[in-house]
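Thanks, everyone, for making the time this morning. I would like to walk through one structure with you, beginning with a helix and then turning to the cysteines.

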Amino acid sequence: MISFQAFISLKHYFLFITLKCISLVGCLIQMFCIHYVGAFQSTLLLWMALDRYFAICKPLYYHKYTEIPNFLKFVVVPLIRNGLLVVTMVTLAGKLSFCSTNVIDHCFCEHMALVQLACGDISINNLVGLLTAFLIPTADCILITASYIVIFASVFKSGKAQIKPINTCITHIIVMFFTLTFALIAFLSYRIRNNFSPSSRVFVSTMYLLFPSCFNPIIYGVRTKEIRQRFLQFIKKV
C-alpha cells in the first residue's frame, strides 16, 4: 500500500506533468492574451505621450481633447487595431498542421515558437507577424517620437516654465526605450538569422512582457521627488 507522503509526492509529480502540457486551443488562447497585453502596453505609452502633448502644447484645449467623446477616439481605434492584428496572427497560427514535435521551446505560447513547429509553409505567418510588429510597437514608437519632438520644441521656445512636465516626458522616454527595445528584439530574433540561443529568446520575450509592469513603478518612483525623498528617509531610519 502506498504511503500518504508517497501519494502526495505522486500527486505533485502528476500535477507538474499536467501543468507542462497544454492543448492547441489553450495555447492559442494564451497566445492571444499574451500578445494583446503586450500590444496594450505599447499603446499605453502612446496614450501617455498624447496626454503630455495636449497638456504641454495645447494647454487651453486640454480639457476639450480629454472629454469622453474625443478621448474614446484615441482609445478605441488603437485597441481595434491591436485586436484585429493579434486575432489574425493567432487565427493563421491555428490553421497550421503540426506533424513532428509538439514541444514548444519557450516558457509560454509565443507566436513564432509555435509557428516554427509547423510542417507546412509558414511564410504568411512570418509576414503577418512582421506586420504586427511594425504596425503596433514600431508605429506607436514613431508617433511617440514625433509627439516628443513637438513637445521639446514647444518647451525650448517657452523657456523654463515647463521644467516639471518635461521631467515627466523624460520618464516616459526611459520607459518607452526599454519596452520597445525588448519588443523589437523579441519579434526579430525569430525572423532574422542571428546567434541568439533559445534561452536568450525566452529571456527577451519574457522581459518584453514583464518589464513595463514590473519596472515602470520603480522608474516613476525614482524620478518622483516626493517618493524619492520618502524612500531615502526610510533607508536612513533602517
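What you see is a predicted model, and I will start with helix H4, which covers residues 68-94. At 1.5 Å a residue, its 27 residues should span 39 Å, and because the end C-alpha atoms are 37 Å apart, the expected span and the model agree.

Along H4, the buried residues are Asn-70, Val-75, Pro-78, Asn-82, Gly-83, Leu-85, Val-86, Met-89, Val-90 and Ala-93. As for what these buried residues pack against, the partners are helix H2 (24-57), helix H3 (62-65), helix H5 (111-115) and helix H6 (123-158).

Let me move on to the cysteines, where a search of the whole structure finds 1 disulfide. That disulfide joins Cys-27 to Cys-109, with the sulfur atoms 2.1 Å apart. The two partners come from distant parts of the chain, 82 residues apart, since Cys-27 sits in helix H2 while Cys-109 lies in the loop between H4 and H5. For those who care about the geometry, the angle about the S-S bond is -130°, and the link of Cys-27 and Cys-109 is left-handed. Both Cys-27 and Cys-109 are buried.

Where do Cys-57 and Cys-141 stand in terms of exposure? Cys-57 has a relative accessible area of 23% and is therefore partly exposed, given that buried means under 20% and exposed means over 50%. Cys-141, at 25% relative accessibility, likewise counts as partly exposed.

Definitions and conventions: Residues are numbered from 1 along each chain as its sequence is written. This is a predicted model: local features need pLDDT of at least 70, side-chain atom pairs count only at pLDDT 80 or more; totals for chains, interfaces and linings use all residues. Side-chain values use heavy atoms; hydrogens and water are left out. Helices (H or I, at least four residues) and strands (E, at least two) are DSSP runs, numbered from the N terminus. The expected span of a helix is 1.5 Å times one less than its number of residues. Buried means under 20% relative accessible area, exposed over 50%, partly exposed in between (1.4 Å probe, protein chains only). Contact means heavy atoms within 4.5 Å. A disulfide is a pair of cysteine sulfur atoms within 2.5 Å.
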